Amino acid sequence: MYSFIISLCALIAGYFLYGKFVDKIFGPDPSRVTPAVAKEDGVDFVAMPSWKVFMIQFLNIAGTGPIFGAIMGAKFGPASYLWIVLGCIFAGAVHDYLTGMLSMRHEGAGLPDIVGLYLGKGTKKVMLVFSMVLLLLVGTVFVYSPALILGDLLGSGGRSSIMIWVGIIFVYYVVATLLPIDKIIGKIYPVFSFALLFMAVALMVCLFIKWPSIPEVWDMFGKGGAELNMTGLPIIPCLCVTIACGAISGFHSTQSPLMARCLKNEKLGRPIFYGAMITEGIVALIWAAVSSYFFFDGGMQEVGASSGQAPVVVTSIANAWLGVVGGILAVLGVVVAPITSGDTAFRSARLIVADFVGLDQKPRRNRLIIALPIFVVTILLLWFNVANEDGFNIIWRYFGLANQSLGCFALWLGTVFLAKERKGLAYMIALIPAAFMTGICVSYVCIDKIGFRLPVTWNIEIQIAASVLSVLLFFLWKRKQK
């Protein structure tokens, strides 16, 4: 528990210290007119209260990521604490902040447009395709996964029950994607965000009351430390891909521009973008500690869980520790959270395509023109899920890799921006995490079964080589710019 407490304090301190440092480097201008005011259209550019924007941003980026990812990541042992804390403060929150602030500086532009400004038109086209693929994968898995859970909770769990829920969720996605952001998202997201936060805080209180004997970070370096990794997989890169939303997630770079179009003042960037990511990291840390108790200190037997699968861990712990209220919150956390990330994924996809083709989204007809092909492709992916027994797992693996790869692109974007627009070594705040995540993605591709399947023991060498090479290429580019 001491590692958990230290990690919790580190995340909070990270917001006030490193977050303030990052904010100072970027230099928000309170006098600058934001896109929410300059381009107000009543649909996507809508100025909203900062507390509401924070709650929406938090739920947009959270989904089930800080829950499911942390549960699966806890199987790697207390190394999950280190990754959540270091990844969140120095990579994820910086990533979210820079993409959100750059969007505000460029009239609420989406990620591909910003990439085009700083990395060239060719890279912009690559990012357009990459972003769309990721958003479609997010939309697909966040239709199918909550449908599976609802089918088990409220139905027979058979294919017909699951497909009914798929249809209901998909209809909601269509409506939420086409309506103005303040009509559905602006009204219900704050409520669901509160429920997700309340469940996390309640579980943290239970942790302090129970004070379980869960592994500490320093146990990793003692005798038997290797046994704390239950997965048999190397911590680098596998843990860094397993826990994404609680540490760093490329999906966030597609969501920050949504809220960049709703903020009234640039000075709100740190609490909204950096702060929401730190909050997500705290939620992930709580679930990592709870799951550590579940896996390592008899929690599984205490709550009578049938397996260690993430949905089972959530519902078993919540029902056993929080009673009826916990069961309700578990449903909200496990089912509603992915749904509320899925609908904003489709909204982001619509806006990215609309920006690329230059089609005004205020008329409802134009929104439908852009959204219809997106929904057709999603239906085809859903059909692949149902038609193939392992379809969901295949899509999820590609989603995980695409997610972290997009995070690399966004961090390199921030690096180039700071190298061009700021003096001195300001770009280091983005360069270091960008190089590290580049090594993670390259190493994962090389050793994972969806990649080249090289020997797993090569993971560290590949990680170091890819990171060093990416830094060398950056400095060659920087020298050429001079």
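**Figure 1. Trp211 follows helix α10.** Right after α10 comes Trp211, with a positive phi near 45°. In this predicted model, local features need pLDDT of at least 70 and side-chain atom pairs count only at pLDDT 80 or more, while totals for chains, interfaces and linings use all residues. Residues are numbered from 1 along each chain as its sequence is written, and side-chain values use heavy atoms, leaving out hydrogens and water. Helices here are DSSP runs of H or I with at least four residues, numbered from the N terminus. Helix α10 covers residues 185–210, 26 residues in total, and at 1.5 Å a residue (times one less than the residue count) it should span 38 Å; its end C-alpha atoms lie 37 Å apart, which agrees.

**Figure 2. Two unusual backbone spots, at Glu107 and Pro237.** Most residues other than glycine have a negative phi, and most peptide bonds are trans. Glu107, however, has a positive phi, near 60°, and sits in the loop between α6 and α7 (111–119). A cis peptide bond links Ile236 to Pro237, with omega about 15°, and Pro237 belongs to helix α11.

**Figure 3. Helices α1 and α13 side by side.** The axes (lines fitted to C-alpha atoms over the stretch in contact, with angles from 0 to 180 degrees between N-to-C directions) of α1 (residues 2–16) and α13 (residues 269–296) come within 10 Å and cross at roughly 175°. The two helices are therefore roughly antiparallel, a label for angles over 145 degrees. Look for the contacts (heavy atoms within 4.5 Å): among them, Phe4, Leu8 and Tyr15 are on the α1 side, and Tyr274, Ile278 and Leu285 are on the α13 side. This contact has 13 nonpolar, four polar and one charged residues; Ala, Val, Leu, Ile, Met, Phe, Trp, Tyr, Cys and Pro count as nonpolar, Asp, Glu, Lys and Arg as charged, and the others as polar.

**Figure 4. The lining of the second largest pocket.** On a 1 Å grid over the protein atoms alone, a pocket is an open set of points with protein on both sides within 12 Å along at least five of seven lines, and lining residues have an atom within 4 Å of a point. Helices α6 (79–105), α11 (235–242) and α18 (428–447) each supply at least two lining residues of this pocket. The largest share, seven residues, comes from α6. By class, the lining has 18 nonpolar, one polar and no charged residues.

Definitions and conventions
Parallel < 35°, antiparallel > 145°, perpendicular 65-115°, else oblique.
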